[in-house]
Amino acid sequence: MSAYTPTAPVPAPGDAELHPSLNQPLLRDLIRPDHLHWSARELRDLTGLVAGELTSDLMNIVRVDEQERWWAKLALTAGVELWLLSWAPGQGTPAHDHGGASGSFSVLFGALREDYRYPSGPVRTQHHDLGAGIGFGPGRAHQVTNVSSVNSASVHAYSPPLLPVNYYADLAEIPAVPPQRIEGTR
């Protein structure tokens, strides 16, 4: 197992960092800078709304890199982080969890395959097509891959924001007890 630990500071409650191309009232309203604890359902609704309501703006931002996955931070508050990712055919993530954060993603264009596992459970596979969204709790580990022959993009959200991500060689390595965030930390 390896880990990625974000180093960016989290904004104070009520503050928000927005992508320069999306600094608009609609996005600020959707990310609710005073909202500190997002459920998996709220995150799914957020990524779905952002992908649906800001499609044109996102299409102006997204880039596809044939060599490696591309991403851009769309927004960050004390309660949520929001990202735009693109996936050329064959690109994907290694198996990982989100360090105790709940998460979500919605497909902006294309399609993605998600292999996922909850602690002590079997590995399952779900296909997410254009417009599909999924919200998940802190125990889920997954790997996401573009298995299609066309480019894909997706909007992702995590709460609490900026928790360390744990990477695994395989979903079978996911520990029986999910990582727990320590109260008072981000």
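Rings, charges and backbone turns

Mentor: In this predicted model, the charged end of arginine 32 sits over the ring of tryptophan 38, at 4.9 Å from the ring's centre.

Trainee: What makes the charged end of arginine 32 count as lying over that ring?

Mentor: The limit for the distance is within 6 Å of the ring centre, and arginine 32 lies 4.9 Å from the centre of the tryptophan 38 ring, so the distance condition is met.

Trainee: Why is arginine 32 called partly exposed?

Mentor: Its relative accessible area is 35%, and because partly exposed covers what falls between under 20% and over 50%, arginine 32 belongs in that class. Arginine 32 is placed in the loop between α1 (25-31) and α2 (40-53), and its phi is near 40°, a positive value in a residue other than glycine.

Trainee: Why is the pair of tyrosine 116 and tyrosine 118 called edge-to-face?

Mentor: The count comes to 1 aromatic pair, and in this pair of tyrosine 116 and tyrosine 118 the centres are 6.2 Å apart with 80° between the planes. Centres must lie within 6.5 Å and planes over 60 degrees apart count as edge-to-face, so tyrosine 116 and tyrosine 118 satisfy both conditions.

Trainee: How do you know whether tyrosine 116 is buried or exposed?

Mentor: Buried means under 20%, and tyrosine 116 has 13% relative accessibility, so tyrosine 116 counts as buried. Arginine 140 lies over the face of tyrosine 116, at 3.6 Å from the ring centre.

Trainee: What makes serine 120 exposed?

Mentor: Serine 120 has 56% relative accessibility, and because exposed means over 50%, serine 120 counts as exposed.

Technical notes
Residues are numbered from 1 along each chain as its sequence is written. This is a predicted model: local features need pLDDT of at least 70, side-chain atom pairs count only at pLDDT 80 or more; totals for chains, interfaces and linings use all residues. Side-chain values use heavy atoms; hydrogens and water are left out. Rings of Phe, Tyr and Trp (its six-membered ring) pair if their centres lie within 6.5 Å; planes under 30 degrees apart count as stacked, over 60 as edge-to-face and the rest as tilted. Buried means under 20% relative accessible area, exposed over 50%, partly exposed in between (1.4 Å probe, protein chains only). A charge sits over a ring if NZ of Lys or CZ of Arg is within 6 Å of the ring centre and within 35 degrees of the ring normal. Helices (H or I, at least four residues) and strands (E, at least two) are DSSP runs, numbered from the N terminus.
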